[in-house]
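Let's take a look at the hidden spaces inside this protein. Here is the model to keep beside you as you read.

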Amino acid sequence: MKITVDKSVLENILLHLQPFLEKKDTSQITSHILLSTDGRTLYAKATDYEIGLVIQTNSVNVEEPGSLTANGKKLLDIIRILKDEEIELTLDKDTLHIRQKRSNFKLPTYKSSEFPAFPTTDGKPNIAINSHLLIESLKKITPAADTNNPKFELNGALIDIKNNQINFVSTDTRRLALVHIDSQNDHELSIIVPKKAIIEIQKLFADNIEIYYDNTHLVIKSEDSLFYTKLINGKFPDYSRIIPKEAQRTIVLPKSVIVTAIKQITTISNDLKLTFQSDSILFESLSDDNIEAKTTVEIENGFESPFILAINSRYILDFLSQVNATEFTLEANESNQPFVLKDQNFKTIVMPIVI
């Protein structure tokens with residue numbers, strides 16, 4: 001294999017592949033990227049077995065087609081220090097030569113035939129959803145997805161595909177985020193996508209994508225790339241049972257005013273108590289230290305008697321960071337029961353702190 005490619009093209013590809021490499025054990029072939037050509041197109045692949053990405057480009061001059069592997073991090077380190085000019089990559093026996101004028105580097109390779117195979121889209125059903133809606137939905141529920149939970153199914157997000165709708169759901173057991181999308185689908189299936197994959201999808205794709213799935217993989221194709229992730233095997237909690245069916249108290253709140261008030265209190269404590277009066281909301285810190293923070297916001301809410309909610313500020317701020325409107329809705333029943341934050345088709349159900 002022998003190709004020449006502009007530095008900026010190769011560097012950009014290698015940067016996108018870094019999150020998909022095995023980092024801990026560089027003796028594994030998954031610490032390598034696979035470069036291959038069919039005569040006109042360069043394909044670059046990386047995978048850690050759990051998630052994978054292949055990027056293709058025609059901005060390359062192929063002198064000899066073929067394939068090779070190379071340590072993805074070391075190759076990027078070399079490309080970064082070279083000048084913004086063409087780079088030549090040549091496979092000679094088991095060694096990759098990287099040349100640019102008088103500069104020459106060598107990297108060992110593995111057998112290309114040993115590189116892990118990627119799943120295909122053949123025979124897989126398609127998710128009929130607008131690309132922007134998919135990315136926006138995943139972005140909204142990502143903060144509520146757990147990390148390193150012993151219940152593996154909570155370390156990701158549920159995509160619950162029904163005949164006439166798709167629900168995107170995540171929970172860390174203290175809150176549950178839900179986005180509802182109307183969609184006509186030929187197949188019904190519930191899949192759990194790992195949090196790492198959700199984050200990478202948001203970085204990689206913007207529009208013009210095709211989404212395929214089966215019981216083990218989710219595959220996303222765009223014009224110049226293919227992404228896949230293994231799905232989490234488990235049973236996601238029955239989220240419909242967690243959502244309150246009705247609310248005794250409902251109030252529409254101004255986003256910016258609430259964010260400002262909460263951030264004032266979080267200088268002292270992340271846990272705070274909200275006291276809803278008929279014409280105001282009192283924000284107070286909940287702290288074991290002998291320190292106190294208070295602020296009051298004048299808001300007519302119509303509550304006939306004072307109502308108290310004790311909450312983790314991060315849960316509200318995470319929700320509001322995904323709200324584009326100037327207002328949002330809070331629905332609550334009793335002080336010790338879950339309450340709901342709503343913005344159109346996006347809601348977060350939060351367990352209050354019992355005081």
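A cavity here is a set of grid points where a 1.4 Å probe fits but cannot get out, and its lining residues are those with an atom within 4 Å of a point. Keep in mind that this is a predicted model.

So what turns up? The count comes to two cavities of 30 Å³ or more. Here they are side by side:

| Cavity | Volume | Lining by class |
|---|---|---|
| Largest | about 50 Å³ | six nonpolar, one polar and three charged residues |
| Second largest | about 40 Å³ | eight nonpolar, no polar and no charged residues |

Start with the largest cavity. Around it you'll find Lys140, Pro143, Ala144, Arg175, Ala177, Tyr315, Asp318, Phe319, Phe346 and Thr348. Strand S12 (175–182), helix H6 (313–321) and strand S24 (346–350) are the elements that each give two or more residues to this lining. Which element brings the largest share of the lining of the largest cavity? That would be H6, with three residues.

Now for the second largest cavity. Its walls are made by Leu253, Ile258, Leu274, Phe276, Ile281, Ile316, Phe328 and Leu330. Two strands, S18 (271–276) and S22 (327–332), each supply at least two residues of that lining. By class, the residues around the second largest cavity are eight nonpolar, with no polar and no charged ones. The lining of the largest cavity, on the other hand, includes three charged residues and one polar residue next to its six nonpolar ones.

Technical notes: Residues numbered from 1 in each chain as written. Predicted model: local features only at pLDDT ≥ 70, side-chain atom pairs only at ≥ 80, totals over all residues. Heavy atoms only, no water. 1 Å grid on protein atoms, 1.4 Å probe; cavity = no way out; pocket = protein on both sides within 12 Å on 5 of 7 lines; lining within 4 Å. Points joined across faces, edges and corners; volume = space filled by probe spheres on them. Helix = DSSP H or I, 4+ residues; strand = E, 2+ residues; numbered from the N terminus. Nonpolar A, V, L, I, M, F, W, Y, C, P; charged D, E, K, R; others polar.
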